[in-house]
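Here's a quick briefing to read with the model open. It covers an internal cavity and then a ligand site.

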Amino acid sequence: MPQCPCAVIPVPNPTPLPPAILDEALARVQEGVLVYGRDGTLVHANPAAQVLYRSHPLYSGAAPRIEDLLPPHAVPQAREQGRWNDYLPFGEGRVLAAWLHPLPDGEHTLLLLQDPGLVRDSDQELLRRHAELNVRLTAAQEQLLQAEKMASIGQLAAGVAHEINNPIGYVHSNLGSLQEYLSNLFALVDAYDRALASPDPAAQRQEIDATREQLDIDFISRDLPQLLTECRQGIERVTRIVKDLKDFSRSDRDHSWKLADLHAGLDSTLNIVWNELRYKATLDKQYGTLPMIECLQSELNQVFMNLLLNAGQAIEERGVITLRSGAADGMVWVEVGDDGPGIPADVQQRIFDPFFTTKPVGKGTGLGLSISYGIVAKHHGRIEVDSNPGEGSRFRVVLPTRQPRPRL
Ligand SMILES: Nc1ncnc2c1ncn2[C@@H]1O[C@H](COP(=O)(O)OP(=O)(O)OP(=O)(O)O)[C@@H](O)[C@H]1O
Ligand SMILES: [Mg+2]
């Protein structure tokens, strides 16, 4: 990465420049200089920046918002670490060097774009390799996401197997009873056949009544519909678990953003996870009214599963997991809370770091929250944590209802 063109040169006695001089100076800078407001709208672009983004093949005439140009983690990283820099693919194999700096007023952000043509020749090969590595990194991240999802399914396999075995067990036992009932009913039909074939069928009435009693036909006619209803419910339950598992394990590889019902996703995730949690926790579900939101649903389900599992794992003996949701100002939120021991401040700073775990070896990989953070950032949302030792924890996922459209 070449050095940022804005690297600070010490000035002995800085005097504020008149705006006209500043504009003139910026007009002569070869790098693209863009200033964004807090809400991501463009407030200033020097002529070099305008030439750069107008040359983008997807440019549609509108001023590009910050999220149209940069990957989702860029702004949070710049806010946290004081700056962000990377190479940006800019259409047709072109790559720009980009630097992002929050400005000291806390409101504006400076984005500098440098055309590779201005970069030294020796950097060209580096640029190409960097872009290549970025592509490989994206593929590796996708694989990691899928692997983590599969690992969590593995973790839940015993519970899911139990959950499937249970209805299969009673469907099997009901089928045994149905077989017996059926042979009794056939025996009764035989008795009727014999009576009808006899010279005086009415005289056989007593024998038929005795057979009915002996074969428990009155009980069978009461029990049989109930057994069939139970069988149907058992099979529907298994079908639902298999569907939930299929939905959950599906990878959104085609990156198809669709309008989805978050509550439906939450409920099917709960179906899979609950076997793991039911012995420790009771569920307090307080769903609000949510609009459909544009998302990669199976990835969001992975986030909810990680938060639910963490909540369950935090509870030592018995506790309550609270699942709440709501919508406000074009955003929706889902909150997973627990009344476990809470998270001390020093641990809280690290929980989103990859591989950070306080769980024993073999219990946690420390990837759940870092992967969830990535998924939520990809949705232009955020995860808020509210936790104090001794007071439990609440993880709130806040998501926009619609994704910003690329306007370049
Ligand atoms: N609800 C919670 N209560 C208390 N601590 C939590 C809670 N959620 C997360 N943590 C802390 O954050 C750490 C990181 O969580 P994360 O989900 O990323 O990894 P993990 O649960 O340890 O392992 P994995 O999710 O990969 O199985 C946990 O080890 C734990 O210390
Ligand atoms: Mg976890």
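In this predicted model, the second largest cavity has a volume of about 30 Å³. A search of the whole structure turns up two cavities of 30 Å³ or more. Rolling a probe the size of a water molecule over the atoms is how such empty space shows up.

**What lines the second largest cavity**

- To find the spot, look for Val 160, Glu 163, Ile 241, Asp 244, Asn 271, Ile 272 and Asn 275, which line this cavity.
- Helix H5 (121-197), helix H7 (217-249) and helix H8 (262-277) are the elements that each give two or more residues to the lining.
- H8 puts in the largest share, with three residues.
- Sorted by class, the lining is a mix: three nonpolar, two polar and two charged residues.
- Two domains chip in here, with at least three lining residues from each of domain 2 (151-248) and domain 3 (256-400).

**Around ligand 1**

- There are 19 residues around ligand 1, and those that come nearest are Thr 357, Thr 358, Lys 359, Thr 365 and Leu 369.
- Two threonines reach oxygen atoms of the ligand through polar side-chain atoms: Thr 358 at 2.4 Å and Thr 365 at 2.5 Å.
- On the nitrogen side, an N or O atom in the Ser 393 side chain sits 3.5 Å from a nitrogen atom of ligand 1.
- On its own, ligand 1 has 590 Å² of accessible area, and the protein covers 93% of that.

Terms used: Residues numbered from 1 in each chain as written. Chains lettered and ligands numbered in written order. Predicted model: local features only at pLDDT ≥ 70, side-chain atom pairs only at ≥ 80, totals over all residues. Heavy atoms only, no water. 1 Å grid on protein atoms, 1.4 Å probe; cavity = no way out; pocket = protein on both sides within 12 Å on 5 of 7 lines; lining within 4 Å. Points joined across faces, edges and corners; volume = space filled by probe spheres on them. Helix = DSSP H or I, 4+ residues; strand = E, 2+ residues; numbered from the N terminus. Nonpolar A, V, L, I, M, F, W, Y, C, P; charged D, E, K, R; others polar. Domains from an automatic or database assignment. Near = heavy atom within 4 Å. Polar contact = N/O pair within 3.5 Å; in protein donor to acceptor, adjacent residues only side chain to side chain. Areas by Shrake-Rupley, 256 points an atom, 1.4 Å probe, with all protein chains shown as cover.
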